[in-house]
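User: I am new to this structure and would like a short tour. Could we go through it together?
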Amino acid sequence: MSPLSAAVLLLCCRFDATGAQVHSDHGCQSQGVRSCGECLAAGPHCAWCTEEAFLQVGQHTWERCDTAAALLRRGCPSHRLEDPRGSAVLVKNRNVTFRSGRRRGGRGGRVTQLQPQTVRLHLRPGEPQSFEVRFRRVEDYPVDLYYLMDLSFSMEDDLPNVKKLGADLMEEMRNVTSDFRMGFGAFVDKTVMPFISVAKDMLENPCKRTEPWPCSPPFTYRHILSLTADGGVFARLVGGQRVSGNLDWPEGGMDALMQAAVCEEQIGWRNVTRLLVFSTDAGFHFAGDGKLGGVVLPNDGLCHLQGNEYTRGNSQDYPSVGHIAETLRRKNIQTIFAVTEDVAHLYEGLRSIFPKCAVGTLSNNSHNILQIIVEAYNALTSEVVMENSKLPPGYHISYASRCEDGGPGPGGRGRRCSGISVGDEVSFNVSITAPPCAAASRGPLRVVIKPQGYSEEVEVLLSPICECSCQKDMIPHSPSCSHGNGSLECGACRCKEGRVGTFCECVKEEADEATDSRLCRRDNSSEVCSGHGECVCGRCVCQKGGQKPQRLYYGPFCECSDRSCGQHRGLQCAGHGRCVCGECVCLPAFGGAACECPLGSESCLSADGQICGGRGECRCGACICRDERFQGRTCELCPSCPDVCAAHRGCVLCRAFSLGLSPEECGRRCAHLNLTLVGHPGVLATAAPSAGLHRCMEVDTEGCRVHFALSAGEKEPSACAHVALERECPSGPNVMLITAVLSGSVVVLGVALLLLWKLLTSLHDRREFARFQSELERRRWNRKDNPIYRSAITTVVNPKYKEH
C-alpha cells in the first residue's frame with residue numbers, strides 16, 4: 001500500500017447467496033418514515049426497498065423500510081436494496097520509522113511515530129466505525145529541555161549544582177539521543193506589594209546584604225538562555241545568575257510557566273520531544289491571587305517577552321491551573337516538577353490536571369537534579385496516552401489499546417500504554433459513532449487524535465451518511481404515481497397536495513369520507529381496522545404495533561396478530577409451534593394451548609425404562625406420582641421412605657440370630673426372604689456388584705454390627721440375603737483397669753485435700769502468732785511513757801543568778 005493511496009476498510013458484513021448485504025436482524029422502528037433518507041436516520045439496521053412493485057395499493061410507504069433481512073424475506077430484490085454501510089478510508093498512511101538516522105551521521109529525514117496520518121470515516125448514524133492507530137517509539141529522537149528555576153533567596157545553595165547540570169545532562173542524554181538541546185529561565189514573583197517590598201533599597205537589594213555579593217533586583221520571569229546544544233554556554237550563564245527575594249512564601253512560577261510555553265520563537269522550541277523542568281522549594285500563586293496586589297486583568301495566555309523580560313507581570317493576573325494545562329497540551333510540552341519534599345504534595349495534585357507530568361523530590365541543595373530529570377524523562381517517554389480534540393455534538397469516541405503485554409485495555413485504560421521501550425510498537429483501536437442525522441452536522445467535520453506530549457497527530461475527517469444514492473434519480477410527475485399525481489423517489493411516491501395513498505391513488509376528501517364508512521369495520525360495535533390500522537381509500541392498512549415493531553397485524557380488518565398467542569417460559573407457543581391469528585398451531589409432537597405439552601412419554605422414562613418408575617403417570621411431559629411420598633422428575637426420590645437395608649433388618653436378625661421378632665411373627669412376616677449364611681463379612685465383599693445388590697450393615701438388639709448383602713427389587717415379592725454369622729460386637733469394659741483408676745483417683749484426691757488443708761492451717765497459725773507478738777509488744781510499759789510516773793528530782797533555776 002503506497003503512503004498516499006486510499007485504502008478502504010469495510011465493516012464485516014454477511015452476504016446471502018445473491019450477494020446482498022444481510023445484517024443482524026435487530027429490528028427497525030420505521031413507522032411514520034416517508035422517504036429513504038428518513039429510513040436511514042431511523043437506525044443503523046434499517047434498509048429501504050426501491051422496487052416500485054414491492055408495495056400494493058393501500059399499503060403504507062414506511063413498509064419499504066425494514067431490516068435488510070426482513071425486506072429480502074418479503075420479496076425485495078437484493079439489487080434494489082438501499083442499505084449504505086459506513087467505511088474507513090486511509091487517506092495518508094505513511095509507515096512509522098524505526099530510527100531517526102541522526103546517530104549515524106545522517107541528516108535525520110522525516111521521522112514518523114504515528115500511523116496513519118489522515119483517515120476519512122463515512123458514518124452511518126448509530127453504527128460505529130473503527131480504525132487502528134499505531135505508535136512506535138523511535139530510536140534517537142530529538143529532545144528539547146528548558147530548565148525553569150526559582151531564583152528566590154532560599155534557592156541560593158542550589159545554583160552551583162544547577163550550573164554543573166549542563167555538561168552532566170548533555171553527557172547523560174547522549175545515551176538516549178544525539179540531538180539534545182537545553183535552555184534556561186528564572187522567576188521570582190510579581191514586583192508589587194504584597195508579593196515583594198517596594199521600598200527603594202529593597203527593590204535594589206531585597207536580601208539586604210553585600211557579601212559575598214548583593215542580591216539581584218526582583219523580577220517576574222526572565223528568559224536567560226534559548227535552547228542550545230552547547231553545555232558550556234549553559235554552565236556559564238547559569239553561573240552568572242544571582243538570587244533575588246520576595247516577601248510571601250508562594251512564588252510566581254505559573255507566570256513563568258505560561259511564558260515558557262507560549263514564547264516558542266524566543267525559547268527556540270522545535271517540533272520534537274519538549275521537556276520543561278520546573279525547579280522550586282515553594283508553592284505557587286494562581287488565578288485570583290493577583291487581586292491582592294491590585295492586578296485584576298485576566299491572563300491572556302500570549303507571549304509578552306521584551307528584552308527577555310516578562311513585561312505584563314504587574315498588569316495581568318496569574319494564569320489558572322486549567323489555562324496552563326490546556327496551553328501545555330496544545331504546545332505538546334511535558335512537565336517535570338523538581339521540588340522539595342515539603343511542597344511535593346502540592347505539585348502531585350497537578351499530575352491529574354497537567355498532560356504528561358512527573359514530580360521528583362529535590363534534595364536540600366539540588367545535588368540529585370540530574371537523577372530526577374533522567375528518571376522523569378524515562379517515565380514520561382515510556383508511556384503513551386491518546387487524546388482527541390473536542391468532538392462535534394452527539395458524536396462518541398472510544399479506545400481499546402493493545403500494548404506490549406498483549407492484553408487489550410478497554411474504557412479509560414484503552415487510551416494508555418505503559419512500559420514502552422525504544423523500538424516498541426503499540427496500537428489503539430479507535431471507534432467513532434455518529435448521532436442521528438437530525439443532530440449531526442451535514443458539512444465536513446474534523447477530529448484530531450494525538451498522543452499527549454507529541455506533535456504528531458491523526459486527522460479524522462467525518463462524513464455522516466444521511467441520504468440515499470437513489471434520491472438524485474427522482475422522477476417528477478411520474479406516471480407510476482397515478483398518472484403524474486406525485487414524484488417517484490427511491491421507488492416511493494411523494495404525492496401532490498390533495499392526494500393520498502401509496503401511489504397517490506386517492507383524493508384526500510374522498511379518503512376522509514371512506515374513513516367514516518363501514519368498509520373498515522367488522523361490525524357496528526368494532527373500531528376502525530380493529531384499532532390496529534388506518535382506513536385508506538376504504539381499505540384497512542394494518543400497522544406495526546406501537547412500541548413493539550415485531551407485533552404485526554393483518555387480516556381484512558387488522559384483526560389478526562402473530563404475536564398474541566399464549567406463551568410458555570417466555571416463548572410464544574413455547575417455541576414448538578406457530579402463532580396464526582391469535583392461536584398456536586403446534587408441531588406434531590406437542591399440544592396444549594401454548595404448545596407447552598409434549599405428546600410423547602420420553603421425558604417421563606426412568607433409568608430402568610419404566611414410565612415414572614412405575615409409581616406415577618405421565619401428563620404433559622411430566623410425572624404425576626401416585627404416592628405423595630415420592631418426588632423427582634421420574635418419581636425416583638422418597639426422602640421419608642426407609643431404605644432396603646432397614647426394611648429387611650428385622651427379618652435378617654430373627655432368621656439368622658433369633659433376635660428381635662418372635663418365632664411365630666418371624667415365620668409369618670419373613671417367609672419371602674431366602675437366607676444364605678456365610679462365615680465372616682469379608683466373603684460378602686467378594687461378590688460382584690450389580691444393579692440390584694445392596695451391601696448392608698445394621699446394628700442388632702445387643703449392639704453388634706451385622707453385615708449382609710441383599711438382592712431384592714423394590715417391587716419383587718421375594719429377596720435373597722447373604723448374612724455373615726460373625727458379628728462385630730463391641731468389647732466389654734475392663735473392670736480391673738476401671739477399678740484401679742478409680743481407686744488411684746480417690747487416693748490422689750485425698751492426699752491433695754490433706755495437703756491443701758495442712759497448707760491453709762499453717763498459714764492461719766502463722767498469722768495468729770504474728771498478731772500475738774504484735775499485741776505483746778504493745779503491752780510492754782515504758783517508764784517514760786507511764787502517765788502516773790513522777791520523777792523524784794526537781795530542778796529550780798534562780799532567775800537572778802547570772803553566770804560569769
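Analyst: The following exchange moves from the whole chain to a few of its residues.

User: What kind of model is this?
Analyst: This is a predicted model.

User: How many helices and strands does the chain have?
Analyst: The chain has 15 helices and 46 strands.

User: And how much of the chain is buried?
Analyst: Of the 804 residues in the chain, 44% are buried.

User: What about the accessible surface, how much of that belongs to carbon and sulfur atoms?
Analyst: Carbon and sulfur atoms contribute 54% of an accessible surface of about 43,400 Å².

User: Turning to contacts, what share is between residues 24 or more positions apart?
Analyst: Among contacts with a separation of 6 or more, 61% are between residues 24 or more positions apart.

User: Back to the surface: which residues make the nonpolar patch of about 570 Å²?
Analyst: That patch is made by Leu 749, Leu 753, Leu 756, Leu 759, Leu 760 and Leu 763.

User: Where is Leu 759 found?
Analyst: Leu 759 belongs to helix 15, which covers residues 735-778.

User: Why does Leu 759 count as partly exposed?
Analyst: Leu 759 counts as partly exposed because its relative accessibility is 48%, and partly exposed lies between the limits of 20% and 50%.

User: New topic: where does Glu 665 lie?
Analyst: Glu 665 is in helix 13, residues 663-669. Its relative accessibility is 24%, so Glu 665 counts as partly exposed.

User: What separates the C-alpha atoms of Glu 665 and Cys 654?
Analyst: A distance of 9.4 Å separates these C-alpha atoms, and the two residues are eleven residues apart along the chain.

Terms used: Residues numbered from 1 in each chain as written. Predicted model: local features only at pLDDT ≥ 70, side-chain atom pairs only at ≥ 80, totals over all residues. Heavy atoms only, no water. Patch = residues over 30% accessible without salt bridge, like charges linked within 9 Å, V, L, I, M, F, W, Y side chains within 5 Å. Areas by Shrake-Rupley, 256 points an atom, 1.4 Å probe, with all protein chains shown as cover. Salt bridge = Lys/Arg side-chain N within 4 Å of Asp/Glu carboxyl O. Helix = DSSP H or I, 4+ residues; strand = E, 2+ residues; numbered from the N terminus. Buried < 20%, exposed > 50% of the residue type's maximum accessible area, 1.4 Å probe, protein only. Contact = heavy atoms within 4.5 Å.
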